[in-house]
Amino acid sequence: MKNTPLARLRGRSVSAPRARLWGKLELAMPGQMKDRVALQAVEDAEARGELRPGGVIAESSSGTMAEGLARVGSLKGYRVIIVTDPRMDTTAAAKLRALGAELEIVDTYHPEGGWQYSRLQRLREVLARNPGAFWPRQYDTPSNPNAYVNHLSQELLEALGSNLAAVVGTVGSGGSLSGTAAALRQRLPDIRIVAVDAVGSVQFNQPNLKRLQSGHGNSIIAGNINYRVMDEAHWLSDGEVFSGCWELARREGIFAGGSSGAAYIVASWIAEQYGPDRDVVVILPDRGDRYAETIYSQDYLAKHGLVGIEAAAQPQRIRYGVDVAERWSWAPLPHDGSVPYHAADAILSGHLTRELGLE
């Protein structure tokens, strides 16, 4: 679950990177990036006595956390129940079932809390049917960021040391970038941490809109997000991200998912801003196999009017918490307190948990 490859990248065709651009291939793990979190969460629960031999693990996930838990559960002999939504494709569902996981698929999109809200409502039912089941709480568990504090950050420091100028990563459940950034800042206080989000995601004070991107972006605010260790936020639209995936495949030979395509677009631009003696790392968390019928389907792109949409060579700067991002945009995070990190009416994962009676 560690020492994933660090691959040298050329950057996008419309960019001119001067710094050395590296892709941290978290997607090379058997179940992709969330393998780290799944193992950490399960082992932490075992140490606390919350998870005993033959126990049940139940979690809400539409992405790689589901596969990570299914794999760890299979190897350790636990029953795993995954609550998911229609964005999970047939390949991912087949993998989960092959690993022994049981799937509960919701069919209603909540107008305010999105798929996450609907999944947590179903999860409450699953936990009620399985007293004593362990819920990893991927959005609100210290195990999530700690999985990266103990491993990923150290791998980057060992490989690149003080030449590391910036790290670019997407934000979903909040743990990977928050944990990595917090650990790196202890050794490199001036390192630049760049958060990548989706247009229509509420995580960085934007309105909640229905979107096709999955794996990053959110309709709720995860408790794991540590805004103070991040320097800036970028938002990209569905079409821009999907075209970024195609470009990542054709220019770098990496067949990756939406989170990787989004981060690749941003990292190529970030690398332009440093000299050739510095290093910029982009975290690539997900493979493209589960997106064969969506991101990599021309029929799907045409159906949603996304054919021919590409990200520009550079983003548009907007005012954090004031302007609405419609295409690739960015803003520095307001650490002076002048603007809240997220809107006051945004749903917090911890509050939602209590509202649904899951505490």
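**Exercise 1.** Find the residue that follows helix α8 and give the sign of its phi.

*Solution.* Helix α8 is followed by Gly 253. The phi of Gly 253 is positive, near 75°. Helices here are DSSP runs of H or I with at least four residues, strands are runs of E with at least two, and both are numbered from the N terminus.

Before you go on: this is a predicted model, where local features need pLDDT of at least 70, side-chain atom pairs count only at pLDDT 80 or more, and totals for chains, interfaces and linings use all residues. Residues are numbered from 1 along each chain as its sequence is written, and side-chain values use heavy atoms, with hydrogens and water left out.

**Exercise 2.** Check the span of α8.

*Solution.* Start with the rule: the expected span is 1.5 Å times one less than the number of residues. Helix α8 (residues 238-252) has 15 residues, so it should span 21 Å. Its end C-alpha atoms are 21 Å apart, which agrees.

**Exercise 3.** Decide how enclosed α8 is.

*Solution.* Buried means under 20% relative accessible area, exposed over 50%, and partly exposed in between (1.4 Å probe, protein chains only). In α8, 11 of the 15 residues are buried, so the helix is largely enclosed by the rest of the structure. Among them are Val 241, Phe 242 and Leu 248. What covers the buried residues includes β1 (6-9), β9 (232-236), α9 (258-271) and α10 (298-303).

**Exercise 4.** Is Asn 205 buried or exposed?

*Solution.* Locate Asn 205 in the loop between β7 (192-198) and β8 (220-221). Its relative accessibility is 12%, so Asn 205 counts as buried.

Terms used
Contact means heavy atoms within 4.5 Å.
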